[in-house]
Amino acid sequence: MAVASGVSLLIGFITPVADVLVGLGATGMALSWFHVPTQSLFEANLATVFAVTITAAIGCLGPGAFSIDARLFGRREIIIPHVSRTKTP
């Protein structure tokens with residue numbers, strides 16, 4: 001699951017789903033009661049905080065312009081309308 005979600009994030013395929021899986025996996029490894037006998041990046045609490053922060057940023061920013069998601073669903077442009085402000089006495 002970790003490899004599949006990591007590869008999905010790298011190529012930009014189903015980014016929101018892969019982002020949630022990576023975030024839940026990092027949080028689950030940090031909060032697990034079982035000690036993993038091998039060295040892992042997520043054994044340090046600070047590394048887990050960084051991983052969860054990065055996945056939250058990827059979730060907010062989206063897959064990117066050159067990703068598979070952008071090719072499948074099209075690029076989106078947000079147009080913010082200009083609001084005219086008038087002075088009221």
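Begin by selecting threonine 15, which, once residues up to four places away in sequence are set aside, touches Leu9, Ile58, Gly62, Pro63 and Asp69; a contact here means heavy atoms within 4.5 Å. The model is a predicted one, in which local features need pLDDT of at least 70 and side-chain atom pairs count only at pLDDT 80 or more, while totals for chains, interfaces and linings use all residues. Residues are numbered from 1 along each chain as its sequence is written, and side-chain values use heavy atoms, with hydrogens and water left out.

Stay on threonine 15, which has its place in helix H2; helices are DSSP runs of H or I with at least four residues, strands are runs of E with at least two, and both are numbered from the N terminus. Threonine 15 counts as buried because its relative accessibility is 4%, where buried means under 20% relative accessible area, exposed over 50%, and partly exposed in between, with a 1.4 Å probe and protein chains only. Show the side chains of threonine 15 and aspartate 69, and a polar contact of 3.0 Å can be drawn between them; such a contact is a pair of N or O atoms within 3.5 Å, and within protein one must be able to donate a hydrogen and the other to accept it, with residues adjacent in sequence counting only if both atoms are side-chain atoms. Then add glycine 59, which is 44 residues from threonine 15 along the chain, with 7.5 Å separating their C-alpha atoms.

Step back next to isoleucine 14, in the loop between H1 and H2. Its backbone deserves a look, since isoleucine 14 has a positive phi of about 40° although it is not a glycine. Isoleucine 14 counts as partly exposed because its relative accessibility is 39%.

Now select helix H1 (residues 2-11), where leucine 9 is found. Beyond its neighbours within four places in sequence, leucine 9 is in contact with Thr15, Ala18, Asp19, Val22 and Ile58. Leucine 9 and threonine 55 are 46 residues apart in sequence, yet their C-alpha atoms are 9.6 Å apart in space. Serine 5 also lies in helix H1, and it is buried, with a relative accessible area of 6%. Leaving out residues up to four places away, serine 5 touches Ala18, Leu21 and Val22.

For the next stop, turn on a pocket display and centre it on Gly62, Pro63, Gly64, Asp69 and Arg76, which lie nearest the centre of the largest pocket among its 14 lining residues. Helix H2 (15-31), helix H3 (45-61) and helix H4 (68-73) are the elements that give two or more residues to this lining, and H4 gives the most, with three residues. About 290 Å³ of space lies in the largest pocket. On a 1 Å grid over the protein atoms alone, a pocket is an open set of points where a 1.4 Å probe fits, with protein on both sides within 12 Å along at least five of seven lines, and lining residues have an atom within 4 Å of a point.

Finally, zoom out to the whole protein chain, which has four helices and zero strands, running α-α-α-α from the N terminus on. Of its 89 residues, 17% count as buried. Among contacts between residues at least 6 apart in sequence, 54% join residues at least 24 apart.

Terms used
Points joined across faces, edges and corners; volume = space filled by probe spheres on them.
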